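Student: I should like to work through this model by question and answer. Please give the reasoning before each result.

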Amino acid sequence: MLRSKGKQIVFVTNNSTKSRADYQKKLESLGISASVNEVFGSSYSAAIYISRILRLPKHQSTVFVLGESGIETELDSESIPHIGGTDETYNRLIEPKDYTAIASGEALDPSVGVVLAGLDFHVNYLKLAYALAYLRRGAKFLATNVDVTLPSAGSLFPGAGAIGAPLVAMMGGEKPTALGKPSQAMMDAIEGKFKFDRARTCMVGDRLDTDIRFGIEGGLGGTLCVMTGVTRSKAEWEGEGAKIYPTAWVKELGDLKE
């Protein structure tokens, strides 16, 4: 419908577990035509930020990943070296010898200059211990996004923000630079790639504190809240003390056809 009217479409997602190619396949399976270049995920946003903005020195250009293969794929697309992530070496219980090796630096990779936290379905004490050690040695703290929950199967589960939260606490409240919605670093990156007019752009999403806030703070022409995700009721923005208000809302995307 939108394409037939000549509208440019960008699919923006905070889910760091999938690469752009993965999401393109998912969209196609749902009957939604899309190209890889129309997908802009938080993993890709983080990779772009690391390679084109941080410009780390070669001797400290490796990324320690708390996350899944989606992050690794996008880091690879920007030729960024990485460790951690889905490496089975880290998917085990910590042992007494690990404490000594990590504390002394023997077990650490001296080329790590970034700790990137995303949604990790296999996060454990060992991974957090490594991440903390790298941060204490001066590695930059980044996050694909800081959503503390994610909707699935009609309920809420821990999100990427919950993975990075222990590190925030251990680092005395130091928060990571977030590269997903509602971070405007992501908006700037999207604008840089797609060259769109913000005043003529509408953000469509199902979560007030990420999608709708992203559009409002980005100065877009409008925002549309779809009641099929975390946000399920108008009471969330009509109640006393509400600070985020969508321009319009629909119960589901299919309503747009009516």
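**Helix faces, sheet and salt bridges**

Student: Which residues are exposed on the other side of helix α4, away from its buried ones?

Tutor: This is a predicted model, in which local features need pLDDT of at least 70 and side-chain atom pairs count only at pLDDT 80 or more, while totals for chains, interfaces and linings use all residues. Residues are numbered from 1 along each chain as its sequence is written, and side-chain values use heavy atoms, without hydrogens or water. Helices (H or I, at least four residues) and strands (E, at least two) are DSSP runs numbered from the N terminus; buried means under 20% relative accessible area, exposed over 50% and partly exposed in between, with a 1.4 Å probe and protein chains only. On that side of α4, the exposed residues are Pro 96, Thr 100 and Ala 103.

Student: Against which element do the buried residues of α4 pack?

Tutor: Within α4, which spans residues 96-104, the buried residues are Asp 98, Ala 101 and Ile 102. They cover an arc (taken from the directions from the helix axis to the C-beta atoms) of only 95°, which puts them on the same side of α4. By contact (heavy atoms within 4.5 Å), the buried residues of α4 pack against α5.

Student: Within what arc do the buried residues of α6 fall?

Tutor: In α6 (residues 160-170), Ala 160, Gly 161, Ile 163, Gly 164, Leu 167 and Val 168 are buried. Their packing partners are β3, β5, α5 and β6. Seen down the axis, these residues line one face of the helix, because they fall within an arc of 150°.

Student: Which strands form the edges of the five-stranded sheet?

Tutor: Strands pair if DSSP finds at least two bridges between them. The open sheet has the order β4-β3-β5-β6-β9, with parallel pairing; β5 and β6, for instance, are joined by four bridges. The strands that pair on one side only are β4 and β9.

Student: How many residues apart in sequence are the parts tied together by Arg 52 and Glu 78?

Tutor: A salt bridge (a side-chain nitrogen of Lys or Arg within 4 Å of a carboxyl oxygen of Asp or Glu) joins Arg 52 to Glu 78, their closest N and O atoms being 3.1 Å apart. Arg 52 is partly exposed at 46% relative accessible area, whereas Glu 78 counts as buried at 18%. Because Arg 52 lies in helix α2 and Glu 78 in the loop between α3 and β4, the separation of the parts in sequence is 26 residues.

Student: Which residue is linked with Glu 191 and Arg 198 in a network of salt bridges?

Tutor: Glu 191 and Arg 198 form a salt bridge with closest N and O atoms 2.9 Å apart. Glu 191 is partly exposed at 28% relative accessibility, and Arg 198 is buried at 18%. The network also includes Asp 188.
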